[in-house]
Amino acid sequence: MSKIAVMGYGTVGSGVVEVILGNHDLIAKRAGEPVDIKYVLDLRDFPGSVIEDRLVKDFDIIKSDPEVEVVVETMGGLHPAYEFVKASLLAGKSVCTSNKELVAKYGPELIKIAEDNNISFLFEASVGGGIPVIRPLIQALTADAIEEITGILNGTTNYILTKMRDDGSDFESVLKEAQELGYAERNPEADVCGYDACRKIAILTSLAYGSQVDYEDIYTEGITAITAEDFKYAGVLGASIKLFGTSKMIDGKVLAMVAPVMIKPSNPLYAVNDVFNAVYVKGNMVGDLMFYGRGAGKLPTASAVAADVIDAVKHKGVNIRMIWSDKKQKLLPIMDAKHKFFVRVKRCEGIEDKVARAFNDVSVVDAGIDGEYAFVTGVMTENEYKNAAGSIDNIIGMIRVDF
């Protein structure tokens, strides 16, 4: 029998306990032996709960118990999660975590410690919740050179953008609704400003190319500037707007960014709506792949963590290898990235001539909105767009275009 400890009894931690207890016999069969939860670490009390007799408040109890072979970290945040995870690994215990912030910041260090101690540091649930994407990247796709990873990596923002498109609502009203439904936090900054998606694409990019990508180095733009009017124009174009986390290999450097993108139905991510997530991966041999499902939520995320626990138990004394070094990955400067751009401008005398002089190749879009119109540029670099846009005072907003 393998004994494990769960650190943090919040939404995901309680879900892990529910999955392991509820599917005990199935998990035992797939792990090759029963998996027992010996400890749950939390500072709160849970009288009458299933974990009442397992509850501890001192991490050292877990660290010093030789019976505990796998530690599950679902506390979230960087501290004390980092200290507890590192100490667990140094004590010879495999660790499974759903903590994207921890993995993005300290992934290479923790992977190296696990490798040195013939144990495993696993984090399937840190990207995409219940969607299996990390395991395919490090196992099924190891024969491929990854050319692109593009994902809808945040369910909250995808829900908001879907409702804005379908209902014609403004951002603030849909955000409030998402908070009332529990899809968005009271402080939604990490989601709507793109930080959550940024950490996830940093993890995927680091794994795909084997070198560290710091999320602080990734250009990140959220959805707070997207308006109902933007969706009116998108409707005229037969398009929709999604928040993408993207990494592409371009001439030996990786373009990594998070930003809203206008796409058409030919894009495989067009039909991913509401709180669902999806990750598109292109390999040089396998071609196009899609991973789709619920990117968050108690049981989907807990299911991914439990799968990592099974993997760790099956591989006792063996390191499940991750190729992710602390060497920095070369990133393409964002100003060298090429896109088309959708641009809204206020109507005024001579604006058409100004636009024509600044941008050589534009397609005009009219959504019948008084006092403004829009256009789509040809393919140009971010720097070329910035220089051209700098000569026009009447720009209302811009969204990158992928069609």
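This passage describes a parallel sheet, a helix that packs on it, a pair of packed helices and a group of antiparallel strands in a predicted model.

The sheet is an open one of six strands, and its pairing is parallel. Read across the sheet, the strands follow the order E3-E2-E1-E4-E5-E6. Its edges are formed by strand E3, residues 55-56, and strand E6, residues 121-122, each of which pairs on one side only. Within this sheet, strand E4, which covers residues 68-73, and strand E5, which covers residues 94-97, are paired in the parallel sense through four bridges, and Val-70 is found opposite Ser-94 of E5. Helix H1, made up of residues 11-22, packs on the sheet, where it touches strand E1 (2-7), strand E2 (35-41) and E4. The direction of H1 makes an angle of about 160° with that of E2.

A packing of one helix with another is seen for helix H4, residues 81-90, and helix H5, residues 100-116. In general, two packed helices are described by the angle between their axes and the distance between the axes. For H4 and H5 the angle is about 15°, and the axes lie 10 Å apart. Because angles under 35 degrees count as roughly parallel, H4 is described as roughly parallel to H5. The crossing of these two helices is right-handed. On the side of H4, the contact is made by Ala-81, Tyr-82, Val-85, Lys-86, Leu-89 and Leu-90, while H5 contributes Leu-102, Tyr-106, Glu-109, Leu-110, Ile-113 and Ala-114. When the residues of this contact are divided by character, 10 are nonpolar, two are charged and none is polar.

The antiparallel pairings considered here involve strand E15, which spans residues 338-346. Strand E15 is joined by six bridges to strand E19, residues 395-401, and the two run antiparallel; in this pairing, Arg-344 has Gly-397 of E19 as its bridge partner. Five bridges join E15 to strand E17, residues 372-377, again with the strands running antiparallel, and here Phe-342 stands opposite Val-376 of E17. Strand E15 also pairs in the antiparallel sense with strand E18, residues 380-381, over two bridges, and the bridge partner of Lys-338 in E18 is Thr-381.

Terms used
Residues numbered from 1 in each chain as written. Predicted model: local features only at pLDDT ≥ 70, side-chain atom pairs only at ≥ 80, totals over all residues. Heavy atoms only, no water. Axes fitted to C-alpha atoms, helices over the stretch in contact; angles between N-to-C directions. Parallel < 35°, antiparallel > 145°, perpendicular 65-115°, else oblique. Left-handed = near helix turned anticlockwise from the far one by under 90°. Contact = heavy atoms within 4.5 Å. Nonpolar A, V, L, I, M, F, W, Y, C, P; charged D, E, K, R; others polar. Pairing = 2+ DSSP bridges.
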